[in-house]
Amino acid sequence: MTEQLETHSVMQPVLFLPHGGGPCFFMDGAERWSRMEAYLSGVRRSLPRKPSAILVISGHWENTVPTVTSSPNPALVYDYYGFPEHTYRLKYPAPGAPQLAEDVCRLLQQAGIASASDAERGFDHGVFVPFLVAFPDADIPVVELSLQKDLDPVFHLRVGEALSELRSRNVLIVATGMTYHNLRSFMTHDPRAAEASVQFDDWLAEVIEDTAVRRNSRLSNWETAPAARLCHPREEHLLPLMVAAGAAGDDRGVHDYRDVILGKTLSGYRFG
């Protein structure tokens, strides 16, 4: 990738995209997800140019060290359960980018971060479900990067910082997750859960739109936010946002999507 991509004066942004619930956009009842679907469908048009490749960090893959997909033709991982049969026949035939995978590992190594590659791993639904809406042509090479199992926010900010230079080489960095991810409460109409989602979402929007130094400091201590653990009993769906914030450098975040689905407030962000 180093020798293949020229440096551009205008960098690609960094995105944090909500990926919805399971294969939600492709099922009966998808109308409740219509605003999220419309937001995702506008992503490609919002970019300064077509990316040469996409590096995506999903809340659905964790490993002992950050690990990249290195297959030239990744399969799909249907890591959802109990959904209609047709949702297990969804296809997303985007090519992989082995050279980008190598570059990611090299940049992490230069930052003193151990990493690995996996030639067998495919794209989980935190990638292919939103990308079927955001990048439906599947014509941009994609590499997925895992979270590290310890879910340390400071570490994941460092990972993003180490990879930020890819933006100037026309690589789009996309984090996918959910700003509210308490599955026990999501499908209920508990007003306490609804209020918790508003409290946390308001805090998060304020933090993301802050200066980079204050933003990253506050994200490092996200557990102290209002209703933090009510919204994220386990933080794997929030941690991709830490990688995005690290890759954003000094760019302030923009709160460019907000919706209420099943009574819970959900957001998307863009940096740059």
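Which backbone nitrogen does a side-chain oxygen of aspartate 124 reach at the start of H3? I looked there to open my notebook, and found the backbone nitrogen of glycine 126, with the oxygen of aspartate 124 reaching to within 2.9 Å of this atom. I should say at once that I am reading a predicted model.

**Entry: helix H3**

I stayed with H3, which runs over 125–134, and asked how much of H3 is covered. Ten of its ten residues are buried, so I wrote the helix down as mostly covered, with buried meaning under 20% relative accessible area. The buried residues begin with His125, Gly126, Val127, Phe128 and Val129, and go on through Pro130, Phe131, Leu132, Val133 and Ala134. Glycine 126, from my opening question, is thus among the buried ones.

Next I looked up what does the covering. Helix H1 (34–41) is included, and so are strand E2 (53–63), E5 and strand E6 (171–177).

**Entry: two residues with positive phi**

I followed the chain out of H3 into the loop that leads to strand E5 (142–148), and met alanine 138 there. Phi of alanine 138 is near 50°, a positive value in a residue that is not glycine. Is alanine 138 buried or exposed? I found a relative accessibility of 9%, so alanine 138 counts as buried.

Past E5 I came to leucine 151, in the loop before helix H4 (153–163). Leucine 151 also has a positive phi, about 55°, and is not a glycine either. Its relative accessible area is 5%, so I noted leucine 151 as buried.

**Entry: histidine 156**

From that loop I moved into helix H4, where I picked out histidine 156. Its relative accessibility is 2%, so histidine 156 counts as buried. A polar atom of its side chain lies 3.0 Å from the backbone nitrogen of glutamine 148. I then listed what histidine 156 touches, leaving out residues up to four places away in sequence: Leu147, Gln148, Asp150, Leu151, Leu239, Met242 and Val243. I was pleased to see Leu151 turn up again in that list.

**Entry: leucine 262**

I turned to the loop between strand E7 (253–261) and strand E8 (264–271), where leucine 262 is found. With a relative accessible area of 17%, leucine 262 is buried, because buried means under 20%. How far apart are leucine 262 and tryptophan 33 in sequence and in space? They are 229 residues apart in sequence, and 9.6 Å apart in space from C-alpha to C-alpha. Not counting residues up to four places away in sequence, leucine 262 touches Arg32, Phe186, Met187 and Thr188.

**Entry: cysteines**

I looked for disulfides next. A disulfide is a covalent bond between the sulfur atoms of two cysteines. The search of the whole structure finds zero of them. For cysteine 24, the nearest cysteine sulfur is that of cysteine 231, 19 Å away. A disulfide needs the two sulfur atoms within 2.5 Å, so cysteine 24 is in none. Cysteine 24 is buried, at 4% relative accessible area, and cysteine 105 counts as buried too, at 16% relative accessibility.

**Entry: the largest pocket**

Last, I looked up the largest pocket, which holds about 520 Å³ of space. Of the 25 residues that line this pocket, the closest to its centre are Gly20, Gly21, Gly22, Phe83 and Leu183. I sorted the lining by type and got 13 nonpolar, nine polar and three charged residues.

Methods. Residues numbered from 1 in each chain as written. Predicted model: local features only at pLDDT ≥ 70, side-chain atom pairs only at ≥ 80, totals over all residues. Heavy atoms only, no water. Buried < 20%, exposed > 50% of the residue type's maximum accessible area, 1.4 Å probe, protein only. Helix = DSSP H or I, 4+ residues; strand = E, 2+ residues; numbered from the N terminus. 1 Å grid on protein atoms, 1.4 Å probe; cavity = no way out; pocket = protein on both sides within 12 Å on 5 of 7 lines; lining within 4 Å. Points joined across faces, edges and corners; volume = space filled by probe spheres on them. Nonpolar A, V, L, I, M, F, W, Y, C, P; charged D, E, K, R; others polar. Contact = heavy atoms within 4.5 Å. Polar contact = N/O pair within 3.5 Å; in protein donor to acceptor, adjacent residues only side chain to side chain.
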